[in-house]
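This report walks through selected parts of a multi-chain model, beginning with a sheet and the helices around it and ending with the contacts between chains.

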Amino acid sequence: MAAQWDTSRYLGLFVSEATEHLDALGKELVRLEGGVTPEAIDSLFRHSHSVKGMAGSMGYEATTALAHSLEDLLDRVRTDPARLDRAVADVVLQAVDALGGHVKAANAGKPFPDSAALIAQLKELTHSIRPGTEPQPSASTPANAPLVESEGPREPELPPRWLVTLRVASTSAQPGVRGFLAYKRLSSLGNLFRCTPGIDEVKAGKLPNGTFTVELESSEPEAVVSKTVSQVADVALVSLSRVASAPPVPSAEEPKPAEPEPRVVGQEPPRTVRVRTELLDEFLDLAGELMLATAGVREVGRTLEETDRGRLNETVDRLHGLVRGLHDKVMKARMTPVSVITDRLPRAARDIARRRGREIELVLSGSEVELDRAIVDELADPVLHLLRNAIDHGVEPPEERRMRGKPPRGTVKLSVKRASDRVLLEVEDDGRGMDVERLKALAVERGLLTAEAARELPEREALLLSTAPGLTTATSVTDISGRGVGMDAVKRAVEAVGGTLEITSRRGLGTTFRLSLPLTVAMVNLLLVGLGDDVYGLPIAKVAGVVETTRASLAHSRDVPVLQFGSAVVPARELSQVLEVPGRPHDVDAVSPFVVVDTDDGRVALAVDALLGQEEVVLKALRRPLDQVPGLAGVTVLGSGRAVFILDVARLERPVRAAAAGET
Amino acid sequence: MSKRVLVVDDSVFMRDIIKDIFAAGGFSVVGEAGNGVEAVEKYKELKPDLVTMDLVMPYRNGIDATREILRGDARALVVMCSALGQETMVMEAIEAGAVDFIVKPPRAEDVLAVVKKVLGES
Amino acid sequence: MRHVIFRLERDRYALPLDAVREVVNAPLSYTRVPHARAAVKGVMTLRGRVVPVVDLALLLAAVTVSERPPPSPKVVLLELARRELGLLVTEVEGIESIEKVGPQNRSRLVRGLARVGPVSVTVLDVEGLDAAVAASFANG
């Protein structure tokens, strides 16, 4: 709604009137916290509506958008005044303040402040106050979060949606009226969307083959829907099926008819369709199995005569290319923007900050970057925890910040960047930073480190001590996050999806947690090792190197055999003992490969019988009961059809090392 | 017990046809009205299971009468009687809350089919 | 209710047909599962799927295992909520209808005894088996 005329002569009037409305809005709202009536909310709504109209007339798009979001929220609250709780009131006040900022900027001829985050917050809140829903508890992600399209924040649970196809009998005297009657009857069960052809066509009796379809969003059971239709004479129910919920249509009183005319292809927006997340998992499984099957065919080809093999291999190569392409497409379909997680963080940040008496500005960037759905799902809790951690333990209370010459309002930045085949997610605060010496001292106190080792520990690794289970540097234990327990879980979750966690911290200046994540989880590069007749896979990412030596040549430290690796000594273990599988008897003077791997508790050398090479494989998740087995990260099937377990190297050695640590 | 019907039409001729259809179909016509005002009064008095309502009548048309009846009893079942060419009015009546409609001149099987559906009897 | 009847050595057992996905020949070798108890044979691959297999005789500890391996052992594949579990048995005999299950020998793994014609059959409890299997995998 750009202004067509010179608006400058109205500016004075705009500023004074808008200010009046905003002042009134703020005052009335604060008064309301005593007792809410629909009339009072009406009044708030009217003020907000007036500001929107005035800003629109002046051509202030940003202001109009903000006022519009506020109006939507108030409109929603109007239907259920009890929902105007303190959280909602706070956001409304924030919006009023921000609008005041816009008015001031307009008056001073300065650029308007950016209110995108606030608008997003208003929208999220508006959606969460859907009629008939209970107030949402603060942000936490359900374990099986549904896939959300790239547009808009995640919706709260909607009633199921039905695709209803109806046929009006050709003998009907007034098919249009019949159709409309059926439509009206359905509308008594819930909200209707996407009537095809449009409702005006239906009313006019323009029904292709006598049928039309409409989507019904209703919590009524299937039987009620079909019974309702059956009560309309001359109308038959052709089909009734559940559809996945579509993106929200804001307060659709009168649904718009679908466009009956085909649109020009070039103008068509990208079409999306919702797919059950399990279906995506199944696609991935199938694509993975196709790859394995292809490898199997190639394996069979090896037994053929040279002449036949050439033609077979050619075909297998083509098949492999196609399957690889399919796999890539499936992976692409699984890509989900990080915003699925971050959209809810502003609200969470505000809640945490208020509970902890902090003032926080949360700056989000790069939320449009996409990752595999499985990784995004796994990250929801860790990211929320990092945010909590930053606010709770990082950012100081306002008084303390003032004393240190910092602005009272702390800043937490959450940025997401794509870096070649990885995604970097950083959570950075400008708080007090971590005390490396204190961390080391605690670790020594808890017996996790010797004093000597602590002294030599580089800062980078010392900071990671904060992720050790049970270690906390918070001066007080809070209800929000005991740092140790939570950080341990964060590190584990990040590593489970193939990522790494890095911490940098400057005392007094702040802390940055950096998550480096793979784009997808499905492919993993393995070092295959032989143990007797068994084969195991070790993720190459966790392998530091291989040393070939005899058991007899190992040194001992406190009765534990150790291996010289570079400048360090690492404990040496039999992989068969670690896994509790029967090992082959070995000659202590025979040369064996020792694979040096990085575990959570440091490096360990694992003695194996043979190195069988590297392979890039499709990792399958373990299902019950295999997921109960300690030390396994997944399983894959090689071209030969043999199943190979992939070891969870990071946690392979934990029980043994814990016992060893007890001795020192 | 047979269902109780109120027949509303300004034409006595039409009322008789409709009454006969109901009688043959096993319904009992408990009352009749010749205009919208009378229809609302009779409805309150008789509380019938179903009303058939002519669209165009003197004093108060069928749409207004339907609206008024539903205001008093949201669960009232009102079936409109319309002629061909009155589609727009029928749709207005449906918006007002009428549950179905029959087309005049009424054929017995059509009327009974619609009414039974509305009463959930088929 | 229809049941799959099979033998462990000479004793007959039954599982509800609903829970059985298919019966396949036992593989020649398995992939060993770390930390698992003796009853766990390992995992087998079946058309690209990875299926854990348990030696049912050892799990039930009900029969003395003969020294001689059976001529054509079978794996009964149970389908349990999006996952599969293989039970290694001596031989599968067929499908029979079992209506009445007597309370004899009832335990966590056994629903009871039933008669199929002249023979007596031990009817197994699918959920109980599943729980026992889970326990034998999480040994570590």
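## Sheet, helices and chain contacts

In this predicted model, helix α8 (residues 222-230) of chain A lies across β1, β3 and β4 of chain A and runs at about 160° to β4(A). The sheet concerned is an open one of four strands, in the order β2-β3-β1-β4 (chain A), with antiparallel pairing. Because β2 (191-196) and β4 (235-243) of chain A stand at the edges and each has a single partner strand, one side of each is left without a neighbour in the sheet. From one strand to the next the twist averages 25°. Helix α6 (residues 175-187) of chain A also packs on the sheet, where it touches β1 (161-168), β2, β3 and β4 of chain A, and its direction makes about 155° with that of β1(A).

Strands of a sheet pair through backbone hydrogen bonds, in either a parallel or an antiparallel sense. Two strand pairs of chain A are set side by side below.

| Strand pair | Bridges and sense | Residues standing opposite |
|---|---|---|
| β2(A) and β3 (residues 211-217) of chain A | four bridges, antiparallel | A:F193 and A:E215 |
| β21 (residues 632-637) of chain A and β22 (residues 643-647) of chain A | five bridges, antiparallel | A:V635 and A:F645 |

Strand β21(A) is mostly covered, since six of its six residues are buried. In the hairpin that β21(A) forms with β22(A), five residues lie between the strands, and A:G641 takes a positive phi near 95°.

Elsewhere in chain A, two helices pack against each other: α3 (residues 61-78) and α4 (residues 86-108) of chain A meet at an angle of about 155°, and their axes are 10 Å apart. That angle makes α3(A) roughly antiparallel to α4(A), because angles over 145 degrees are counted in that way. The crossing by which α3(A) passes α4(A) is left-handed. On the α3(A) side the contact is made by A:A62, A:T63, A:L66, A:A67, A:L70, A:L73 and A:V77, which meet A:V88, A:V92, A:A95, A:A98, A:L99 and A:H102 in α4(A). By class, the residues of this contact of α3(A) with α4(A) comprise eleven nonpolar and two polar, with no charged residue.

What is the surrounding of A:R492, buried or exposed? A:R492 is placed in helix α18 (residues 483-496) of chain A, and with 16 C-beta neighbours inside 10 Å it counts as partly exposed, because a buried residue would need 20 or more and an exposed one 12 or fewer. A:T467 is 25 residues away from A:R492 along the chain, while the C-alpha atoms of the two are separated by 9.2 Å.

Turning to the contacts between chains, chain A meets chain B through eleven residues of its own and 13 residues of chain B. On the side of chain B that touches chain A, two or more residues each come from α4 (87-96), β5 (100-104) and α5 (108-118) of chain B. That side of chain B is made up of nine nonpolar, one polar and three charged residues.

Chain C, for its part, has 17 residues in contact with 24 residues of chain A. At least two residues each of the side of chain C that touches chain A are supplied by β4 (40-46), β5 (49-55) and α2 (126-137) of chain C, and the largest share, three residues, comes from α2(C). Sorted by class, this side of chain C holds ten nonpolar, five polar and two charged residues.

Conventions:
Residues numbered from 1 in each chain as written. Chains lettered and ligands numbered in written order. Predicted model: local features only at pLDDT ≥ 70, side-chain atom pairs only at ≥ 80, totals over all residues. Contact = placed C-beta atoms within 7 Å. Nonpolar A, V, L, I, M, F, W, Y, C, P; charged D, E, K, R; others polar. Axes fitted to C-alpha atoms, helices over the stretch in contact; angles between N-to-C directions. Parallel < 35°, antiparallel > 145°, perpendicular 65-115°, else oblique. Left-handed = near helix turned anticlockwise from the far one by under 90°. Pairing = 2+ DSSP bridges.
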